[in-house]
Amino acid sequence: MESRLRVQGHPIQPMLVTFPFGLFVSAAVFDLADVAGGPAFLGEVGYWTAVAALVTAGLATVAGLVDLWDVRIGRANRTAVTFNLVNAVMAALFLLTCLIRAHAPQRGATGGQLATELVALAVGAVGVGLGARLIQQSDRGRAAEPAGWETFDGVPGATVEIARPRPF
């Protein structure tokens, strides 16, 4: 899968996906500590961490949709669509818990909300596997990139580019 949004030739979307997933995991850990009897502020931190994860998930979704636009019909397309749907389900489950907690005075999680977050993380783990499969599919047939200091030879500076789609 060739990405249209790149930094220094590397696709942006795989970089962006790591932020919401890491923040969702962190939110669940804070909520677990809150539900297990930790200080009440941990529930508040878990809530705001989940909100930050939802914002970054929105950015990753936009980048994913831009990349999805040019994917050829076939195996990579099915994997990319499934990957985006799985990530959307994970974000939707966290959004549900955030909306429920938004009007609570302390915004701490309940046991049921924590269980929903853990289910969302399990769904997200499937998304991580699909993302790894997408990267493997896009790397097939490419020459290996240099791994040493020669990687930096000829790099004029940081660039962000939006590539034109290649004709089919």
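**Salt bridges and helix contacts**

Asp31 has a relative accessibility of 0% and therefore counts as buried, a class that covers residues under 20% relative accessible area, while exposed means over 50% and partly exposed in between (1.4 Å probe, protein chains only). The model is predicted: local features need pLDDT of at least 70, side-chain atom pairs count only at pLDDT 80 or more, and totals for chains, interfaces and linings use all residues. Residues are numbered from 1 along each chain as its sequence is written, and side-chain values use heavy atoms, with hydrogens and water left out.

The partner of Asp31 is Arg101, and these residues form a salt bridge whose closest N and O atoms are 2.7 Å apart. The term denotes a side-chain nitrogen of Lys or Arg within 4 Å of a carboxyl oxygen of Asp or Glu. Because Arg101 lies in helix α3 (residues 75-101) and Asp31 in helix α1 (residues 13-35), the pair ties together parts of the chain that are 70 residues apart in sequence. Helices here are DSSP runs (H or I, at least four residues), numbered from the N terminus. Arg101, at 1% relative accessibility, also counts as buried.

Arg101 takes part in a further salt bridge, with Glu117, where the closest N and O atoms are 3.1 Å apart. This pair again links distant parts of the chain, Glu117 being in helix α4 and Arg101 in helix α3, 16 residues apart. The relative accessibility of Glu117 is 0%, so Glu117 counts as buried. Taken together, Asp31, Arg101 and Glu117 are linked in a network of salt bridges.

The count of salt bridges in the model comes to three. Outside the network just described, Arg107 and Glu44 meet through their side chains in a salt bridge with an N to O distance of 3.3 Å. Here too distant parts of the chain are linked, with Arg107 in the loop between α3 and α4 (111-139) and Glu44 in helix α2 (residues 41-68), 63 residues apart. Arg107 is partly exposed at 21% relative accessibility, and Glu44 is partly exposed with a relative accessible area of 25%.

Helix α2 also holds Leu42, which is buried at 15% relative accessibility. Leaving aside neighbours within four places in sequence, Leu42 is in contact (heavy atoms within 4.5 Å) with Phe30, Asp31, Ala33 and Asp34. Asp31, the residue with which this account began, is thus one of the contacts of Leu42. Leu42 and Gln106 are 64 residues apart in sequence, and their C-alpha atoms are 9.8 Å apart in space.

The next topic is the packing of helices α1 and α2. Their axes come within 8 Å and cross at roughly 160 degrees; axes are lines fitted to C-alpha atoms over the stretch in contact, and angles run from 0 to 180 degrees between N-to-C directions. That angle makes α1 roughly antiparallel to α2, a label for angles over 145 degrees. By class, the contact of α1 with α2 has 20 nonpolar, seven polar and three charged residues. Nonpolar covers Ala, Val, Leu, Ile, Met, Phe, Trp, Tyr, Cys and Pro, charged covers Asp, Glu, Lys and Arg, and the others, Gly among them, are polar.

Helix α3, which contributes Arg101 to the salt bridges, also contains Thr79. Thr79 is buried, with a relative accessible area of 6%. Apart from neighbours within four places in sequence, Thr79 is in contact with Leu130, Arg133, Leu134 and Gln137.

Terms used. Helix = DSSP H or I, 4+ residues; strand = E, 2+ residues; numbered from the N terminus. Parallel < 35°, antiparallel > 145°, perpendicular 65-115°, else oblique.
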